[in-house]
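Hi,

Here is the structure I promised to pass on. Have a look at it first, and my notes on the ligand site and the aromatic pairs follow below.

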Amino acid sequence: MKIWLDGELVDESQAKISVFDHGLLYGDGVFEGLRFYHRRVFRLEQHIDRLIDSAKAILLNLPWTHEEICRATCETVKANGLDDGYIRLVVTRGRGELGLNPYLCPKPSMFIIASTITLYPEEKYREGMALATCATRRPAPAALMPQVKSLNYLNNVMAKVEAIQAGALEGVMLNEQGYVAECTGDNIFLIRKGVLYTPPVSDGSLDGITRQVILELAPQLGIQAVEKSITRYDIFTADEVFLTGSAAEVIPASSLDRRVIGDGRMGPWTGKFMEAFRELTRTTGAPID
Ligand code: PMP
């Protein structure tokens with residue numbers, strides 16, 4: 001496997017980061033997870049926009065332009081000869097002194113991995129997934145800005161563990177006020193009486209690219225989309241619930257905390273969104289060459 005590392009495509013065995021890199025020492029850095037389908041990177045520009053915004057929000061000056069990052073991403077996919085897969089793009093604060101001060105790290109590092117990913121088992125895309133409410137909360141914006149896709153994922157990792165221990169594949173994370181923010185690595189949508197609902201980003205979610213795609217598709221599919229605060233009550237009483245993410249794509253949820261959602265099967269609107277989303281992945285994206 002070839003890895004893009006600081007401007008060069010190197011063999012996996014040569015792709016190394018210093019133990020003094022603050023990305024490793026303090027989780028000081030940002031990342032993106034993208035998908036490519038049929039040798040086209042899905043929503044490439046939007047992902048790189050978000051990466052640049054995440055970096056800006058933590059005062060990480062990127063020495064690469066938007067265009068250079070897009071080109072490096074496509075080059076990495078091409079070098080690995082894959083048609084479909086997942087891209088992990090990571091920018092670290094770089095090598096520095098021990099101690100938090102990021103101003104002592106002269107140069108950020110960027111690496112790009114193009115590989116494959118299977119987040120959830122195939123059958124869950126037909127049957128739906130079990131969800132569990134996590135005890136671990138999304139951090140408040142004043143603690144760790146949830147819109148920054150940073151290398152600090154420990155709260156999501158712990159929340160994921162709680163979901164798995166509760167016998168679920170994904171966990172619902174609440175914010176400090178007890179409203180649903182999102183899942184550990186996915187955004188959440190519900191349908192009730194023919195209206196689509198999702199929490200506003202201000203309730204503590206990442207501004208998911210797949211979430212944005214769903215909000216664009218809603219009017220085309222003839223369903224009203226409303227961004228409003230939701231609680232577990234809204235999930236328990238929903239007709240349909242589905243999750244979205246670059247890795248997960250669109251996946252139905254069948255239960256929360258062992259309570260069946262709707263009739264426990266993939267609902268008609270979820271099916272329509274899955275199909276419309278798949279169509280976009282088949283027909284759009286930035287060509288890698
Ligand atoms: N929320 C969190 C916490 C995430 O890490 C992700 C990405 N894995 C998402 C939501 C979904 O975002 P996107 O659609 O941009 O992949």
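A residue counts as near the ligand here if one of its heavy atoms lies within 4 Å of it. Keep in mind that this is a predicted model. With that cut-off, 16 residues surround the ligand, and the closest are Y153, E182, I209, T210 and S246. Sorted by class, that shell has three nonpolar, nine polar and four charged residues.

On to the polar contacts, in case you want to set up restraints or just check them by eye. A polar side-chain atom of T210 sits 2.6 Å from an oxygen atom of the ligand, and R50 also brings a polar side-chain atom to 2.8 Å from a ligand oxygen. G185 uses its backbone instead: one of its N or O atoms is 3.0 Å from a nitrogen atom of the ligand. On its own the ligand would expose 390 Å², and the protein buries 93% of that.

The ligand takes up the space of the largest pocket. Which elements give two or more residues to the shell? Those are α6 (209-221) and β13 (240-245).

Then the aromatic rings: I get six aromatic pairs. One of them is F31 with Y153, and because the ring centres are 5.2 Å apart with the planes at 75°, the pair is edge-to-face. F31 belongs to strand β3 (residues 29-37), while Y153 is in the loop between β7 (129-133) and α5 (154-165), so this pair ties together parts that are 122 residues apart in sequence. Y153 is also among the closest residues to the ligand.

Cheers

Technical notes. Residues are numbered from 1 along each chain as its sequence is written. This is a predicted model: local features need pLDDT of at least 70, side-chain atom pairs count only at pLDDT 80 or more; totals for chains, interfaces and linings use all residues. Side-chain values use heavy atoms; hydrogens and water are left out. A polar contact is a pair of N or O atoms within 3.5 Å; within protein, one must be able to donate a hydrogen and the other to accept it, and residues adjacent in sequence count only if both atoms are side-chain atoms. Accessible areas come from the Shrake-Rupley method with a 1.4 Å probe; for residues, only the protein chains shown count as cover. On a 1 Å grid over the protein atoms alone, a cavity is a set of points where a 1.4 Å probe fits but cannot get out, and a pocket is an open set with protein on both sides within 12 Å along at least five of seven lines; lining residues have an atom within 4 Å of a point. A molecule sits in a cavity or pocket if more than half of its atoms lie within 2 Å of its grid points. Helices (H or I, at least four residues) and strands (E, at least two) are DSSP runs, numbered from the N terminus. Ala, Val, Leu, Ile, Met, Phe, Trp, Tyr, Cys and Pro count as nonpolar, Asp, Glu, Lys and Arg as charged, and the others, Gly among them, as polar. Rings of Phe, Tyr and Trp (its six-membered ring) pair if their centres lie within 6.5 Å; planes under 30 degrees apart count as stacked, over 60 as edge-to-face and the rest as tilted.
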